[in-house]
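Colleague: Before I set anything up from this structure, I would like to go through it with you, one point at a time. Could you show it first?

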Amino acid sequence: MEKRGIFAGVNSIKFNQFFKTDEDCIKYIAEIKWEEGYNCKRCGNKKFIKGSKLYFRRCLKCKYDESPTAGTMFDKVKFSLLIAFHIVFKIVTKKKGMSTLELSREFQLRQMTCWGFKWKIQKAMASSLTNPLQGTVHVDEFFVGGPEEQKRGRAKGDKKLVVLALEIIENGVGRAYAEVIEHASSKELGLFLKKHVSKDATVIADQWTGYTPLKKEFSKLEQVASDSGKNFNDIHLHIMNIKGWLRGIHHHCSKEHIQGYLNEYHYRYNRCNHMGSMFDLLIKRMVENSPIRLN
Ligand SMILES: [Zn+2]
């Protein structure tokens, strides 16, 4: 099998040399899609001939003429694939991403169109759940989208409650994950930890009662007094950074929206030492993810 061409790096001049036309992008998608071999989407047959257009494949048995973008997040995108690739590149390589307003200005698209595509990108940026946090992990909750003062426990009105887990490593911090939850209950906190944190990790939380029953599953869970935040400096700084970023860009307040932004934030944050592969990984996920229809 031929090795596919992979774009690595964050250099926009190199990016522009690699992707000059829509054809370059469709080729990139086709190579990812059929990297492990061809399998007809309709009948499962493995033999094909060239399809009606460049990089299309036609099934020899059922004659289905398959576009490389069919069944991917690039299906029926309302603008050129070259623009789509540029948007993905900007969102992964710019430290703070790009708002839909900035995207609409730069690429001369309607803001709603940008919003729809960015929403797909954020879906693809969600954690794969294959690399749970390890070692020492701090966990805390915070509110977004409303006044700071809020009684602990549950979200109300427009405010959304978010739980965050952050790896504490020698001389600094490691990866992090965050999720929108309804209540800071043992059940919801437990579901979050099980998804994103290794059972062997030393989980450190404050003295909120919601964490206490979780010691059964996370045997190294410790609850320590917050001491006015002194014991949780790193995670509080991380929370401040997320809040500052969200304040600058988000307008809608639905749970799904906030989750999308949290996914976006941590996709970049968790890969700050592997920036070279961020673009290719995201395109790969967008090709492998089933398309999302926006009504
Ligand atoms: Zn077929």
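Colleague: What is the distance of the polar contact that joins the side chains of Gln223 and Lys215?

Modeller: Bear in mind that this is a predicted model. Gln223 lies in strand 8, and apart from residues within four places in sequence it is in contact with Ala205, Asp206, Gln207, Trp208, Tyr211, Thr212 and Lys215. Among these neighbours, Thr212 shares a side-chain polar contact of 3.0 Å with Gln223, while for the side chains of Gln223 and Lys215 the polar contact is 3.3 Å.

Colleague: In the open sheet of five strands, which are the edge strands?

Modeller: The sheet has mixed pairing, and its five strands follow the order 6-5-4-7-8. An edge strand pairs on one side only, and the two that do so are strand 6 and strand 8.

Colleague: Which residue in strand 5 is the bridge partner of Val137?

Modeller: Strand 4, residues 136–144, and strand 5, residues 160–169, run antiparallel and are joined by nine bridges. Within strand 5, the residue bridged to Val137 is Glu167.

Colleague: Is Glu179, which forms a salt bridge with Lys195, buried or exposed?

Modeller: The closest N and O atoms of Lys195 and Glu179 are 2.7 Å apart. Because Lys195 lies in helix 6 (residues 186–196) and Glu179 in strand 6 (residues 172–181), this salt bridge ties together parts that are 16 residues apart in sequence. Lys195 has a relative accessibility of 37% and counts as partly exposed, whereas Glu179, at 14% relative accessibility, counts as buried.

Colleague: How many residues apart in sequence are the parts that Glu217 and Lys194 tie together?

Modeller: The side chains of Glu217 and Lys194 meet in a salt bridge with an N to O distance of 3.2 Å. Both count as partly exposed, Glu217 at 36% relative accessibility and Lys194 at 42%. Since Glu217 lies in the loop between strand 7 (202–205) and strand 8 (222–223) and Lys194 lies in helix 6, the parts that they tie together are apart in sequence by 23 residues.

Colleague: By about how much of the helix are Glu31 and Lys27 separated?

Modeller: These two side chains also meet in a salt bridge, at 3.4 Å from N to O. Glu31 is partly exposed at 23% relative accessibility, and Lys27 is partly exposed at 35%. Because they are four residues apart in helix 2, their separation is about one helical turn.

Colleague: How many salt bridges does a search of the whole structure find?

Modeller: In general terms, side chains of opposite charge can pair when their charged atoms come close. Some of these pairings join up, and Arg4, Glu35 and Asp280 are linked in a network of salt bridges. Over the whole structure, the number of salt bridges found is 14.

Colleague: Why does Cys25 form no disulfide, and which residue holds the closest cysteine sulfur?

Modeller: The structure holds zero disulfides. Cys25 is buried, with a relative accessible area of 0%, while Cys272 is partly exposed at 47% relative accessibility. A disulfide requires the two sulfur atoms to be within 2.5 Å, and the sulfur of Cys25 is too far for a bond because it is 16 Å from the closest cysteine sulfur, which belongs to Cys114.

Colleague: With which side chain does Thr69 make a polar contact of 2.9 Å?

Modeller: Thr69 has its place in the loop between strand 3 (65–66) and helix 3, and is buried with a relative accessible area of 10%. Leaving out residues up to four places away in sequence, Thr69 touches Ile26, Ile29, Lys33, Phe74, Asp75 and Leu81. The polar contact of 2.9 Å is made with the side chain of Ser67.

Colleague: Which helix gives the largest share of the largest nonpolar core?

Modeller: This core has 37 residues, among which Phe74, Phe85, Phe117 and Phe279 touch the most other members. At least two core residues come from each of helix 2, helix 3, helix 4, helix 5 and helix 9. The largest share, nine residues, is supplied by helix 3.

Colleague: Which residue numbered above 200 does Phe117 touch?

Modeller: Leaving aside residues up to four places away in sequence, Phe117 touches Met73, Phe74, Val77, Phe79, Ala84, Ile87 and Val88. To these is added one residue from much later in the numbering, Met286.

How values were computed:
Residues numbered from 1 in each chain as written. Predicted model: local features only at pLDDT ≥ 70, side-chain atom pairs only at ≥ 80, totals over all residues. Heavy atoms only, no water. Core = buried A, V, L, I, M, F, W, Y, C linked by side-chain atoms within 4.5 Å. Buried < 20%, exposed > 50% of the residue type's maximum accessible area, 1.4 Å probe, protein only. Contact = heavy atoms within 4.5 Å. Salt bridge = Lys/Arg side-chain N within 4 Å of Asp/Glu carboxyl O. Polar contact = N/O pair within 3.5 Å; in protein donor to acceptor, adjacent residues only side chain to side chain. Pairing = 2+ DSSP bridges.
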